[in-house]
Amino acid sequence: MALHPGEPHYEQALSELFNGNAAACNPQLVFQPLDVAEVVEAVQQARRQRLPLMVRSGGHSRFCAADGALMLDLAAHFTDITLHGDQVSVGAGAGMGAILRHLAAAGRTLPVGTHATPGFGLLCMGGLGHLSRSLGLTIDNIVALKGVRGDGSVFEVFEGCADPIAWHWLRGAAPFLAVITEATLRTHPRQPLLVRRSLAAVETLAEHLQQAEGLSRQWSSSFVLGVPPDGSEPALMRYLVGAELDESHCPVAGASGSSWTDQVPGLDAVPAFDLPAADGRVPAADLPCSDRHQRPRTWIHAISVAAGHSEALAAVLTNAIGRLPNRHCRIDLQHIGGAVSDQPINSSAYRGRGAEWSVVVTGLWPAGDEAAELNAKAWSDGVFDALEPISCHIYLVERHPGTPRYGCQLQKAYGADLMALRTLKQQWDPDGVLPALE
Ligand SMILES: Cc1cc2nc3c(=O)[nH]c(=O)nc-3n(C[C@H](O)[C@H](O)[C@H](O)COP(=O)(O)OP(=O)(O)OC[C@H]3O[C@@H](n4cnc5c(N)ncnc54)[C@H](O)[C@@H]3O)c2cc1C
C-alpha cells in the first residue's frame, strides 16, 4: 500500500517510529509492501525516480525515514515468525522482542540485543546483547537470508551456498546492498538466568571493568553510566547476567551500594537495561509525544574497545559523565568477547570480534532546542574522538554520513575490505538508492 503526505495512515506510520529524528521526517511516499513482489516494485520505483530508499524495520535508527525519500515500511506486514525444528524464520518487520516471546513459548531463545524493540537493523548489522558472550552475535546465528538487491533482483543465500561473497557481506553490511525480507536463524534452549544489578560510584568504573574482563563467558557484565531517574548525580549501574542460578556461585560480589538480584526464566524476561531508581525499579517510559515532530532527538556513537584498556577507557568515560550536557544523555558499555571472538574475523562483514566492549554514547535533547542540540552532539562527538585512538572497530548501526567522522567510521567498521564492499555495492545497488558508503 502506498501512503502519501496528509493521509492519516501516512501520519500513523511515521508516528509509530521509535526514533524521534526519523519520526519528524516527511518522506515523499511511505510504501507498506504485502509481499516480496511489492518490495521489488518499491525498489524499482526508487530507482526510476532516483529517490533514497529508507528501509524501516524496528524504527530505532535515524535512517528509516528522510525528507523526500521513499520509506519502505516492512513493520506493517512482514511480521511472520515460524518455528521449524530448532530454526526460526522471521519476516523482516518483526521486532527482536516479538521473536523472543514466540520462541519462549516453545522453550527456545536467540541472542539478541538488550532491548526488546529494535528490528532487522540490529539483526543485519551484528546484534550485541546479554547472551553474546555465550551464544555469539545475532548474525552468527543466521542460517539463511532472503531479500531484494538494490537493483531489484530477488536473492536467497544460506550457509554453504554457491555465493560465499554475498553470504559474507549480507551478515554485517546488508543495509548498504539489499532489502532483507526474511531471515532464518538457529535457536537455542531457553535457559533460566540470574541477573544482578547494582549501583556504584562512577569512580569505580576502572576496577569494575578489570573485574568484568576476567569473567568466564557464561557471565556478561554490562554497564550504564548516567543519572538515575530519582537522582541528581551520575551513577554507574553494573548489569551482570549468567546462566548460574545459585547466587553463591556469582563470580562478583554485590557492589557497596544498592543491588538487586532476579532469577528469570529466560532472556525474554530480564529486567530493563536502564538505570533504576533507589528502590531498584525502572519507571515505565513516558508515552511518546503525540506530535511526531516534537519527540526527543538523539546523536549516538557505538565504539568497540578491546580488553586491556580499562584505565584509559574509564578515564575517558568518567570525565565524559562528569560533563553530561543533560540528565537524559547516557553511556552504555555492552560486554562482548567470549563466543563473539570464536568466529574468524573474516567469517562475516562484522569486524568487531576482537572487542570486549561496545561503548554506546547517547546524546539526547528536546526537539527544537538548538543550544541543547549543539551541546549534546558536541558531547557525543567528543567522547567518540577521545575513544577513537583506543578503539578497534566502529559498530555501524550508528553512523554519521555527511560528517567528517564518517570516513573514519567506515574504515574502522570494514577495514581493508571497504574497497571490496564498495565494488559489490556498485553491482548490487547501481543507482545508489540504499545508504551510501562514501
Ligand atoms: C533503545 C535502543 C537499544 C538498542 N540496543 C541494542 C543492543 O542491545 N544491541 C545492538 O546490537 N544494537 C542495539 N541498538 C542499536 C540498533 O541495533 C540499531 O539502532 C538498529 O539500526 C535498529 O534497527 P531497527 O530495525 O530497529 O531500526 P530501523 O531504523 O528500522 O532500521 C535501521 C536501518 O537498518 C537497515 N535495515 C533495517 N531493516 C532492514 C532490512 N530488512 N533490510 C535491509 N536493511 C535494513 C536500514 O538501513 C535501516 O534504516 C539499540 C538501539 C536503541 C535505540
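Select the ligand together with domain 1 (2-73) and domain 2 (81-189): both domains give residues to the shell around the ligand, so the ligand lies between them. The domain bounds come from an automatic or database domain assignment. The model is predicted: local features need pLDDT of at least 70, side-chain atom pairs count only at pLDDT 80 or more, and totals for chains, interfaces and linings use all residues. Residues are numbered from 1 along each chain as its sequence is written.

**The ligand shell**

Display next the 31 residues that surround the ligand, of which G58, G113, G119, G121 and L122 are the closest. A residue is near the ligand here if its C-beta atom, placed from the backbone, lies within 6 Å of it. β3 (53-56), α5 and β10 (178-186) each supply at least two residues of this shell, and α5 gives the most, with four residues. Helices (H or I, at least four residues) and strands (E, at least two) are DSSP runs, numbered from the N terminus. Coloured by class, the shell has 17 nonpolar, 13 polar and one charged residues. In this scheme Ala, Val, Leu, Ile, Met, Phe, Trp, Tyr, Cys and Pro count as nonpolar, Asp, Glu, Lys and Arg as charged, and the others, Gly among them, as polar.

**The sheet containing β3**

From β3, extend the selection to an open sheet of four strands in the order β1-β2-β4-β3, with mixed pairing. β1 (2-3) and β3 stand at the edges with a single partner strand each, so one side of each has no neighbour in the sheet. Two strands pair if DSSP finds at least two bridges between them. β1 runs antiparallel to β2 (residues 29-31), to which two bridges join it; A2 has F31 as its bridge partner in β2. Add helix α3 (residues 36-49), which lies across β2, β3 and β4 (70-73) and runs at about 170 degrees to β4. Axes are lines fitted to C-alpha atoms, for helices over the stretch in contact, and angles run from 0 to 180 degrees between N-to-C directions.

**The strands around β8**

Move to β10 and select strand β8 (residues 142-149), which is joined to β10 by seven bridges in an antiparallel arrangement. R149 stands opposite A178 in β10. β8 is also joined by five bridges to strand β9 (residues 154-158), again antiparallel, and G147 has F155 as its bridge partner there. β8 and β9 form a hairpin with four residues between them, and G152 in the turn has a positive phi of about 95 degrees.

**Domain 2 against domain 3**

Bring in domain 3 (193-415), whose C-alpha centre lies 23 Å from that of domain 2. Across this boundary, 26 residues of domain 2 are in contact with 26 residues of domain 3, contact meaning that C-beta atoms, placed from the backbone, lie within 7 Å. On the domain 2 side, α4 (96-105), α5 (120-125), α6 (132-135) and α7 (164-173) each supply at least two residues. The largest share, five residues, comes from α7. By class, this side has eleven nonpolar, eleven polar and four charged residues.

**V340**

Finish at V340, in the loop between β17 (330-335) and β18 (357-365). Is V340 buried or exposed? V340 counts as buried because it has 26 C-beta neighbours inside 10 Å; the cut-offs are 20 or more other C-beta atoms, placed from the backbone, within 10 Å for buried, 12 or fewer for exposed, and partly exposed in between. Not counting residues up to four places away in sequence, V340 touches S132, R133, G136, L137 and R353.

Note on methods. Two residues are in contact if their C-beta atoms, placed from the backbone, lie within 7 Å.
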